[in-house]
Amino acid sequence: MERLSSAAIIPDSFIGARDDIFMQFGLVWNMIKEPLIIPLLRMAVAMCLVMSVMIFAERLYMGVVIILVHVFRRKPEKRYKWEPIKDDVELGSSNYPMVLVQIPMFNEREVYQLSIGACCSLTWPSDRLIIQVLDDSTDPTCKAMVERECQRWAGKGINIKYEIRDNRTGYKSGALKEGLKRSYVKNCDYVAIFDADFQPEPDFLTRSIPFFVHNPNVALVQARWRFVNNNECLMTRFQEMSLDYHFKIEQEVGSSTHAFFGFNGNWTAGVWRIAAINEAGGWKDRTTVEDMDLAVRASLKGWKFVYLGTLQVKSELPSTFKAFRHQQHRWSCGPANLFKKMVMEIITNKKVSVWQKVHVIYSFFFVRKIIAHIFAFFFYCIVLPATILVPEVTVPKWGGVYIPTIITLLNSVGTPRSIHLVVFWILFENVMSLHRTKATIIGILEFSRVNEWIVTEKLGDFLKNKVGAKAPKKFRFNIGDRLHFLELAVGCYLFFCACYDFVFGKDNYFIFFYTQSLAFFIMGFGYVGTIVPTS
């Protein structure tokens, strides 16, 4: 058989260009652009516009509800019966219910004293309060320090228990579950949970417990987080902006309209009715958000939740980029995985109304935990820049400018003091949407990292204690910790699109693309958050 000539299998247009790789690339691009790239990009733009409208409607709805809540003063004390627990001369302290306070911790060397000290200082009859420190630490020195701290408070007459396990099965939820099995817990009615860096005020129990005493259908009273290190760096300011919106708007709306919201990310700064935990099936470790899992299961049993925004608990934000990325992976992957596991259970439930099902499935899970992450990354960092390279596909101004601007303004109302940082916050959030989108996809498809649990590192006074110490002779640069190649890759893509738009474009999107690529480069090279010195 005669050998096939190159002309028989290579188009004529390639003959003169096969020695020029750039011309070949251009020819291939022109061949696939019309039949493949343009239709796919138009479909992606349409999907992103639909998602933007969904997010816009959700934000607008929550804005209207929160205005009505403030106008009509629908405070929890008015929606639920609340009266302070009074001392009884005849009954004495037995008039107060038994309360268990759990403090789960894992190698919390820098912050363990904060929560133990604050919990031991709670205003409550000492014979009606049990402090339970659940130490899963693997560092023997740290375990010894925590145990000594517990012994110190026990010497002051505090009923404090130091509990350890042989393994870390179930991580924190496993520790909480084991803690509830102790014999001395059987007489307790309620359990308050605080992470190792949380510091409740002395009146925490006196303000929260009455909601349970006078409202037998209430399962959870959740407090708001207040951050002690929000001014440490720009990254902690950005976190404050996001979490303030979560607490002041999302949690308030959920509590006011459907008496449901997700128990906060670390099971912390809230009080549970132990009977509700048991009826809902207890703590489960099937996802990395066992707290949210328990909240959804309890709500399906008909229990009500109360969000008390005026009750604030001091806590610490992760101030290193590495710690924040791990936290956001868990907070994004877990809800998506839980949604996949529970959506049919929610749909078929008979105890809750249709509107509450719609709120949990559509608003709480689908829009806030899945669509919001995916939209932010794919639209701003992939699809919108791609339309610059394919001018045949356009994004309408209402979808590319107006709706995103309104959404941004609505998102920023939670922290008025940081309104001047809103542009930088959006750039930061767009970079983080890369990791949230990746984590969401992992959660939905249940890839290998779906149950990855890395404890969020908190620094406490570590850096303050470093002041005055002798500086290290040589700063150690760990390329694995400081260089983030995904961010750098997306930054290069955006920078290329910005340059192309600057030369050939007409919409001036290059201003946004240049600044967004700079944000990706800054975070890609690790110049964000607190840099912890090493020796």
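**Close-up 1. Glycine 505 sits in a loop between two helices.** In this predicted model, glycine 505 is partly exposed, with a relative accessible area of 35%. That value puts glycine 505 between the two cut-offs, because buried means under 20% and exposed means over 50%. To find the loop, look between helix 18 (485–504) and helix 19 (510–524). Now look across to leucine 389: 116 residues separate glycine 505 and leucine 389 in sequence, yet their C-alpha atoms are 8.9 Å apart in space.

**Close-up 2. Arginine 368 and glutamate 58 pair up in a salt bridge.** Here the closest N and O atoms are 3.1 Å apart. The two partners come from distant parts of the chain: arginine 368 belongs to helix 13 (residues 354–389) and glutamate 58 to helix 3 (residues 21–71), with their positions 310 residues apart. Are these two charged partners buried or exposed? Arginine 368 has a relative accessible area of 8%, so it counts as buried. Glutamate 58 is buried too, at 5%. If you like hunting for such pairs, a search of the whole structure turns up 18 salt bridges.

**Close-up 3. Arginine 165 meets aspartate 136, loop to loop.** The side chains form a salt bridge, at 2.6 Å from N to O. Why does this pair tie together separate parts of the chain? Arginine 165 lies in the loop between strand 3 (160–164) and helix 7 (171–180), while aspartate 136 lies in the loop between strand 2 (129–135) and helix 6 (140–154), so the bridge joins parts that are 29 residues apart in sequence. Both arginine 165 and aspartate 136 are buried.

**Close-up 4. A strand and a helix are linked by arginine 224 and aspartate 244.** Their closest N and O atoms are 3.9 Å apart, which still counts because the limit for a salt bridge is 4 Å. Arginine 224 is part of strand 5 (residues 218–227), and aspartate 244, 20 residues away in sequence, is part of helix 9 (residues 234–257). You'll find both residues buried. Elsewhere, salt bridges with shared partners connect Arg286, Asp293 and Arg297 in one network.

**Close-up 5. Helix 12 has a kink centred on lysine 341.** The bend there is about 45°. How far apart are the end C-alpha atoms of this helix, residues 321–347? They are 38 Å apart, which agrees with the 39 Å expected for 27 residues at 1.5 Å a residue. Of those 27 residues, 19 are buried, so helix 12 is largely enclosed by the rest of the structure.

**Close-up 6. Serine 332 is tucked into helix 12.** Its relative accessibility is 2%, so serine 332 counts as buried. What does its side chain lie 2.9 Å from? A polar atom of the serine 332 side chain is at that distance from the backbone oxygen of glutamine 328. A handy rule for picturing this: an α-helix has 3.6 residues a turn, so residues three or four places apart point the same way.

**Close-up 7. A nonpolar patch shows on the surface.** Val28, Met31, Ile32, Leu36, Leu40, Met43 and Met47 make up the patch, and together they have about 640 Å² of accessible area. Pick out leucine 36, one of the members, which is found in helix 3. Leucine 36 is partly exposed, with a relative accessible area of 42%.

How values were computed. Residues numbered from 1 in each chain as written. Predicted model: local features only at pLDDT ≥ 70, side-chain atom pairs only at ≥ 80, totals over all residues. Heavy atoms only, no water. Helix = DSSP H or I, 4+ residues; strand = E, 2+ residues; numbered from the N terminus. Buried < 20%, exposed > 50% of the residue type's maximum accessible area, 1.4 Å probe, protein only. Expected span 1.5 Å × (residues − 1). Bend = angle between axes of the 7 residues up to and from the residue. Patch = residues over 30% accessible without salt bridge, like charges linked within 9 Å, V, L, I, M, F, W, Y side chains within 5 Å. Areas by Shrake-Rupley, 256 points an atom, 1.4 Å probe, with all protein chains shown as cover. Polar contact = N/O pair within 3.5 Å; in protein donor to acceptor, adjacent residues only side chain to side chain.
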